[in-house]
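Let's take a walk through this structure, from its overall division into parts down to a couple of odd backbone spots. Keep the viewer open as you read.

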Amino acid sequence: MRSIIDTVDLTTQEIDELIKTADDIAAHPEKYAEKCKGKKLATLFFEPSTRTRLSFEAAMLELGGSVIGFSSASSSSASKGESVADTAKVISCYADIIAMRHPEEGAPLVAAMNASVPVINAGDGGHKHPTQTLTDLLTIKREKGRLDNLVVGFCGDLKYGRTVHSLINALVRYEGIKFVLISPQELRLPSYVRYDTLDKENAVYEETSDLEGSLPKLDVLYMTRIQQERFADFDEYERLKDSYVLTVEKLKKAKEDMIIFHPLPRVNEISVKIDNDPRACYFKQVLNGKHMRMALILKLLTEKDYDKPLLGDDVIANVYRCENPRCITSSEQEIVHYCRKAHSDDNIYRCVYCDKKVK
Ligand code: CP
């Protein structure tokens, strides 16, 4: 049994296989219509979602399985104080696989540590969103024909944008990827992505606040929403919210074959006038998301002999405490505080749940 908490829980070879399966599902859906007959998916969404929850549910239904779950914390016993660990143990009695979204970073990892069925991270706070990344990789492959030798620009909220963190984590493993990180100073990448992913892999990247100046060099532009729900200071959100708006006029500076991504929901980051531009791929991402989630559910429910432990033997328990108030460790009862050495520096330790520095 295997859970998917981060993109790196899959090798690049496995990602290639998932892309092939997703393509086959799109071409021959009838072949897959009963593959998960008799199986149940539980969608445990403690935070709002349109695409991820409904695409997981559509994916399971199109595989012939069925779906149970909830779409807000207030309609679950979390509102009475039930822990994530207990919720995972309980749902394991009802379902064969769990997709979980939670506002606290690391919550799906806690669920995976306590469930007896596979758990898929469907987005944990401002941390990770691996199934959006699989969707994005499938879309890049379909649109560009490759996952290597690309200049990829990420624009907007790179601090709280979990889709950005996960996609960087995935793309850094492919040859010849150059990253252009476009954001206001206040919303730059968290240090664990910059140091432990980009620097660790000797990735080529530049940081800038200039979208228009960056456009001509990009093969992929990944626009993101400024994540209002993550801001402690509403005035700061109001000041930053319209930092980047992609317009028809600005797009004239981009390559003819640059592809435009957005994980959605869009608030004001891309003019609707761009929606019919052949470079706009954000609604293709939505459809691809269903095919990719079908491929992933199928893989996890049919995989045999997977015995890699969830946490490696490099973790240490209860030596340093995580003080990140957005981490699941801040609310979960009697949680073990696990951390491990940062890849970039032997003197830095990071929380295994949220990746923030604990020492
Ligand atoms: N892309 C994405 O995660 O969208 P939802 O928040 O609607 O699931």
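Before talking about distances between domains, a word on what a domain is here: the bounds come from an automatic or database domain assignment. Bear in mind, too, that this is a predicted model.

With that in hand, the assignment splits the chain into domain 1 (7–129 + 287–302), domain 2 (136–282) and domain 3 (312–359). Take domain 2 and domain 3 as a pair: their C-alpha centres are 28 Å apart. Five residues from domain 2 and five residues from domain 3 make up the contact. On the domain 2 side of that contact you'll find two nonpolar residues, three charged ones and no polar ones.

Now for the ligand. Which residues are around it? They are Ser49, Thr50, Arg51, Thr52, Gly123, Gln132, Pro263, Leu264 and Pro265. By class, this shell has five polar residues, three nonpolar and one charged. The shell isn't the work of one domain: domain 1 (7–129 + 287–302) and domain 2 (136–282) each supply at least three residues.

Some of those shell residues turn up again elsewhere. Pro265 is one of them: it is joined to Leu264 by a cis peptide bond, with omega at about 5°. On the chain, Pro265 sits in the loop between strand 9 (259–261) and helix 11.

Next, the helix packing. Two packed helices are described by the angle between their axes and the distance between the axes. Start with helix 2 (residues 51–62) and helix 11 (residues 282–302), which pack at about 55° with axes 8 Å apart. That angle is why helix 2 counts as oblique to helix 11. The crossing of helix 2 past helix 11 is right-handed. From helix 2, the residues involved are Arg51, Ser55, Phe56, Ala58, Ala59, Met60 and Glu62, and they meet Val286, Gly289, Lys290, Arg293, Met294 and Ile297 of helix 11. Sorted by class, this contact has seven nonpolar, four charged and two polar residues. Arg51 is listed both here and around the ligand.

Gln132 takes us to another pair. Helix 5 (residues 130–144) packs with helix 6 (residues 162–171) at an angle of about 60°, and their axes are 8 Å apart. So helix 5 is oblique to helix 6, and the crossing is right-handed. Helix 5 brings Pro130, Gln132, Thr133, Asp136 and Leu137 to the contact, where they meet Thr163, Ser166, Leu167 and Ala170 of helix 6. The class split is four nonpolar, four polar and one charged. Gln132 therefore has a place in this helix contact as well as in the ligand shell.

The last pair is helix 3 (residues 84–91) with helix 4 (residues 107–114). Their packing angle is about 50° and their axes are 8 Å apart, so helix 3 and helix 4 are oblique to each other. Helix 3 also passes helix 4 in a right-handed crossing. Val84, Ala85, Ala88 and Lys89 of helix 3 make the contact with Ala107, Val110, Ala111 and Asn114 of helix 4. Six of the residues in this contact are nonpolar, one is polar and one is charged.

One more backbone stop before you close the viewer. Asn202 has a positive phi of about 50°, although it is not a glycine. Look for Asn202 in the loop between helix 7 (191–199) and strand 7 (204–208).

Methods:
Residues are numbered from 1 along each chain as its sequence is written. This is a predicted model: local features need pLDDT of at least 70, side-chain atom pairs count only at pLDDT 80 or more; totals for chains, interfaces and linings use all residues. A residue is near a molecule or strand if its C-beta atom, placed from the backbone, lies within 6 Å of it. Ala, Val, Leu, Ile, Met, Phe, Trp, Tyr, Cys and Pro count as nonpolar, Asp, Glu, Lys and Arg as charged, and the others, Gly among them, as polar. Axes are lines fitted to C-alpha atoms, for helices over the stretch in contact, and angles run from 0 to 180 degrees between N-to-C directions. Helices (H or I, at least four residues) and strands (E, at least two) are DSSP runs, numbered from the N terminus. Angles under 35 degrees count as roughly parallel, over 145 as roughly antiparallel, 65 to 115 as roughly perpendicular and the rest as oblique. A crossing is left-handed if the near helix is turned anticlockwise from the far one by less than a right angle, and right-handed if clockwise. Two residues are in contact if their C-beta atoms, placed from the backbone, lie within 7 Å.
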